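Here are a few exercises to work through with the model open in your viewer. Try each one before you read the solution.

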Amino acid sequence: MKPKNRLQKQVVELSAQLPTITSTQQAWAFRKCFKHYALMKTDGTSTCTACGDSWKSEHTLANTLCGCTCPHCGMNLETLHTRKRKFRQTEYFGIVTTFKGWQVLRYFYMQSYQKKGEPAHYFVTEVVQRWITPQGKSVVLARLRPMNYWYDTWQFGTDLEVRTDKEAYDIVPTAIYPRQRVLPEIKRNGFKGEYHRLTPYELFHAILTDNKAETLLKTGQFAVLRHFVRAKYKSIANYWPSIRICIRNGYIITDGAMWCDYVDGLRRQQKDVHSPKYLCPTNLAAEHDRVMAEICTRREREEKLRKRRKAVEDELRFQALKSKFFGLCFTDGKIHVHVLESVQEHLEEGAAMHHCVFDSAYYLKEHSLILSATIAGKRIETIEVSLQTLKVVQSRGICNQTTEYHDQIVNLVNANKSLIQQRMKATA
């Protein structure tokens, strides 16, 4: 799109003055970004996919395990035993530089085409430029790309133009050229050449626009910095007092996401999140798991209490609906079937059998009767009978599974449905 403001117009003018990528930079990128292979034959002959030359080696086992170096072009090669003759790879290469007071991040799309017996062919073109001011404002120049999820489908016939800033333009390059130039402001804010698993733009923008990010970088809290740069849904302000305590005590947080979850857990337990005793655990993972387990146990305890209260609240209503069936039971000599006679019994049945007979409040369904089938006192299946049709609607074992006694239980209930019918007529 056309540049609309002063910064965009300035960037368009300066971009036209940038030097093109040099042959030295291209050669370095081709060597570092792409895999090059030594294609080995059974007779020990190897062919380099970088230069296309062949040679014969007597130490085939060592070459296979450790790779080798091409004696003709000096390329480090990965050995392959394959009949494949053609290889195509796509990678990105980055250059970090400055230009007339701007920090410039340049990204190049590269392809290699390697064919056995021929020198490799390479294609390289610049697809994205990110221009950053010392204050952290940025302008993106990029080639056009289709509106889909594939970032590699650039339209190479288009020019580098001003684009709306999107994640697709924050490219993670396979390699960054080692000779880098950065603004004095970026060095001042703590950058020493390492990106700490962030993209150059993510790191530079963070330390130029947020003094908390600058502090994290200078104090070595790289995991926390990375977490808050990437997890945009979380605000660092909510954790900053606790982070400062860690910094004052010389504690390095090794996992930002886990530590934040741990602090959230401490808050839910109403622990002091300003105490180094809690904020600086020796084993973060173990303490995180312990706190999460305690929260889970507490939640389960509260859920059980809630269910007990619900059982008490629903008991009178249940009694009015189903008391006429209380005491109903029958057996075939091995399997015993009886009616559940309280909401508490439904709660215990659901907990023991791991199904939803209590959670779904089957005991309050006017036209359903719930029975339990047992053998020698052990629960086998829970049965729902329709009081409208006197048919078994469902009979479920543990975790809603069907047991080997399922057909026998259903037949037993069907054989005694007259007993259920008698109870219904007696109160009609």
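**Exercise 1.** Find what covers the buried residues of α8 in this predicted model.

*Solution.* Start with the helix itself: α8 spans residues 240-248, and its buried residues are Trp240, Ser242, Ile243, Ile245 and Cys246. Now look at what packs over them. The cover includes α6 (211-218), α7 (222-230), α9 (256-268) and α10 (276-279). Last, step just past the end of α8, where Gly250 takes a positive phi of about 70 degrees.

**Exercise 2.** Work out which class the ring pair of Tyr195 and Phe204 belongs to, and whether each residue is buried or exposed.

*Solution.* The structure holds 22 aromatic pairs, and this is one of them. First take the distance: the ring centres of Tyr195 and Phe204 are 5.9 Å apart, and the limit for a pair is 6.5 Å. Next take the planes, which meet at 50 degrees. Stacked needs under 30 degrees and edge-to-face needs over 60, so the pair is tilted. Then check burial, where the cut-off is under 20% relative accessible area. Tyr195 has 9% relative accessibility, so Tyr195 counts as buried. Phe204 comes out at 0%, so Phe204 is buried too.

**Exercise 3.** Lay out the sheet that contains β6 and find its edge strands.

*Solution.* Walk across the strands in order: β10-β9-β8-β7-β6-β11, six strands in an open sheet with mixed pairing. The edges are β10 (161-163) and β11 (175-176), each of which pairs on one side only. Zoom in on the β11 end: β6 (residues 86-99) and β11 run parallel, joined over two bridges. There you'll see Phe93 opposite Ala175 in β11. Phe93 also turns up in a cluster, where ring pairs link this residue with Trp28, Phe108 and Tyr177.

**Exercise 4.** Say which strands α1 and α2 lie across, and at what angles they run.

*Solution.* Take α1 (residues 6-15) to begin with. This helix lies across β6, β7 (102-115), β8 (121-132), β9 (138-142) and β10, and runs at about 50 degrees to β9. Then move to α2 (residues 23-33), which lies across β6, β7, β8 and β11. The angle between α2 and β6 is about 130 degrees.

**Exercise 5.** Which rings do Arg130 and Arg267 sit over?

*Solution.* Go to Arg130: it lies over the face of Tyr201, at 3.7 Å from the ring centre. For Arg267, the charged end sits over the ring of Tyr239, 5.2 Å from its centre.

Key. Residues are numbered from 1 along each chain as its sequence is written. This is a predicted model: local features need pLDDT of at least 70, side-chain atom pairs count only at pLDDT 80 or more; totals for chains, interfaces and linings use all residues. Side-chain values use heavy atoms; hydrogens and water are left out. Buried means under 20% relative accessible area, exposed over 50%, partly exposed in between (1.4 Å probe, protein chains only). Helices (H or I, at least four residues) and strands (E, at least two) are DSSP runs, numbered from the N terminus. Contact means heavy atoms within 4.5 Å. Rings of Phe, Tyr and Trp (its six-membered ring) pair if their centres lie within 6.5 Å; planes under 30 degrees apart count as stacked, over 60 as edge-to-face and the rest as tilted. A charge sits over a ring if NZ of Lys or CZ of Arg is within 6 Å of the ring centre and within 35 degrees of the ring normal. Two strands pair if DSSP finds at least two bridges between them. Axes are lines fitted to C-alpha atoms, for helices over the stretch in contact, and angles run from 0 to 180 degrees between N-to-C directions.
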